[in-house]
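The following exchange concerns how structural terms are assigned. Each answer sets a value against its definition.

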Amino acid sequence: MSDSFNGKSGKVKVMYVRSEDDKGGKDESRSGKRPDRSRDGQKSAGRGDRDRDGQRGGGRGDRDRDGQRSAGRGDRDRDGQRSAGRGDRDRGPRWGDEQRPRAPVRQADERPPRSAWQARLQDASEPEAEPFDHGGISGKSQIDPAQLRRQREEESKVYGENACQALYQSRPEAIVRAYFVQSVTPRFRDALRWMAANRKAYHVVDEQELAKVSGTEHHGGVCFLIKKRPGLSVANYLQNAPANDCVMALDNVGNPHNLGGMVRSCAFFGVKGVLLRDPGQLESGAAVRTAEGGAERLTAIGCDDFSQALDEFQRAGYSVVVVGKGEGERALLSSLSFPAKTVLVLSEERDGRSSLAAKQSDLSVEIDGAGQLESLNVSVTAGVLLAAWWRQFGSK
């Protein structure tokens with residue numbers, strides 16, 4: 001070993017020189033570890049090193065001096081049997097084997113046990129398992145589906161500002177829930193106060209949400225979920241019928257816009273009752289919006305048999321008037337004198353004539369015009385006829 005000064009810094013550079021006796025070892029400056037030496041100064045046999053005779057030392061899995069491989073971890077002994085190394089299994093039972101449960105042996109025809117975590121198709125030959133009794137507690141709704149259907153059939157959505165204002169003024173108790181956009185809430189201040197006082201739910205939403213709720217973009221900024229009014233029977237209506245009365249009978253009128261226009265004309269000219277097969281038609285959203293509040297001025301008369309209902313009116317002194325050709329007397333509208341009690345029958349069939357009521361008609365009327373078109377829209381026809389009836393009985 002030699003020491004020398006190197007550079008101006010005065011730092012000592014130490015160099016180690018390997019001697020002749022250390023040719024077989026590693027450079028101490030590189031390994032950083034000193035080889036193990038015996039008391040005689042000789043290097044001891046480490047793992048994979050050789051001894052003085054040139055034979056390799058007995059490391060893990062190495063051979064001994066006789067050329068036989070020593071028993072290392074997981075190796076075999078002289079008889080060809082595998083020695084018990086670390087990680088290998090011995091022939092005796094391990095600790096804890098006496099406590100470990102043994103898997104039951106199934107017979108050839110025995111089915112595997114059911115697993116609660118696997119979906120399995122039930123064999124048709126197997127009897128259905130009895131439902132587990134949860135003590136009355138269930139995660140499903142206890143509402144009867146039939147009852148839920150009836151409840152939905154009894155409800156309807158009404159939208160449009162004028163229609164909802166008229167409904168609130170006439171029957172606020174029918175309101176189940178209400179939806180508004182912010183811009184119309186000042187005009188419904190009284191309705192909001194009433195709903196808050198009577199625990200009626202209402203929501204202020206945006207235009208898109210209200211369009212989803214109402215089912216249309218023509219919602220007018222407000223939508224009510226309401227309970228439908230039950231219709232009166234013919235007998236119940238006749239109990240309070242006025243002396244001069246006109247009942248609008250609608251046969252096969254399914255277009256809600258036509259229906260709404262006719263209802264609006266009826267309310268404008270003072271008609272009190274409307275005969276329909278389904279009284280709930282007067283509560284449909286599009287019809288009520290088109291009627292602009294007129295539906296609240298009318299009484300719905302329901303019937304299962306349209307011809308039978310007309311017969312009841314005739315027995316009560318009413319005359320059945322149809323548009324176009326009928327079995328009864330014919331007259332032009334310009335020269336017609338309406339009976340004091342009239343049932344005016346209109347339909348969406350051709351010419352607004354009800355083929356069903358034509359055989360029961362007492363009077364058939366034709367609207368005289370320029371003759372350039374064959375007929376009018378059914379809602380326009382209703383307006384023209386009701387205007388003529390009002391001129392005759394409106395002031396009385």
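Q: Why is valine 247 called buried or exposed?
A: This is a predicted model, in which local features need pLDDT of at least 70, side-chain atom pairs count only at pLDDT 80 or more, and totals for chains, interfaces and linings use all residues. Residues are numbered from 1 along each chain as its sequence is written, and side-chain values use heavy atoms, with hydrogens and water left out. Buried means under 20% relative accessible area, exposed over 50%, and partly exposed in between (1.4 Å probe, protein chains only). Valine 247 has a relative accessible area of 0%, so the residue is buried.

Q: Where does valine 247 lie, and which residues is it in contact with?
A: Valine 247 belongs to strand β7 (residues 245–251); strands (E, at least two residues) and helices (H or I, at least four) are DSSP runs, numbered from the N terminus. Contact means heavy atoms within 4.5 Å. Apart from neighbours within four places in sequence, the contacts of valine 247 are Tyr237, Gly273, Leu275, Ile301, Phe313, Tyr318, Thr342, Val343 and Leu344. The C-alpha atoms of valine 247 and valine 345 are separated by 8.5 Å, although these residues are 98 apart along the chain.

Q: What makes strand β10 mostly covered?
A: In β10 (residues 319–323), 5 of its 5 residues are buried. Ser319, Val321 and Val323 point one way, Val320 and Val322 the other way, and all are buried.

Q: How do you know that β10 and β12 pair, and in which sense?
A: Two strands pair if DSSP finds at least two bridges between them. β10 and β12 (residues 341–347) have 4 bridges and run in the parallel sense. One bridge partner of valine 321 is leucine 344 in β12. Strand β13 (residues 363–366) is also parallel to β10, joined by 3 bridges, and there leucine 363 stands opposite valine 321.

Q: Why is α7 called roughly parallel to α11?
A: Axes are lines fitted to C-alpha atoms, for helices over the stretch in contact, and angles run from 0 to 180 degrees between N-to-C directions. The axes of α7 (residues 256–268) and α11 (residues 378–393) cross at roughly 10 degrees and come within 8 Å. That angle makes α7 roughly parallel to α11, because angles under 35 degrees count as roughly parallel, over 145 as roughly antiparallel, 65 to 115 as roughly perpendicular and the rest as oblique.

Q: What is the character of the residues in the contact of α7 with α11?
A: They divide into 5 nonpolar, 5 polar and no charged. Ala, Val, Leu, Ile, Met, Phe, Trp, Tyr, Cys and Pro count as nonpolar, Asp, Glu, Lys and Arg as charged, and the others, Gly among them, as polar. Asn258, Gly261, Met262, Ser265 and Cys266 in α7 meet Val378, Ser379, Ala382, Gly383 and Leu386 in α11.

Q: What makes β3 and β5 edge strands?
A: The open sheet has 4 strands in the order β3-β6-β4-β5, with mixed pairing. β3 (155–159) and β5 (201–204) each pair on one side only. β5 pairs with β4 (residues 175–180) in the parallel sense over 4 bridges, and arginine 177 has alanine 201 in β5 as bridge partner. Helix α3 (residues 161–170) packs on this sheet, touching β3, β4 and β6 (222–227).
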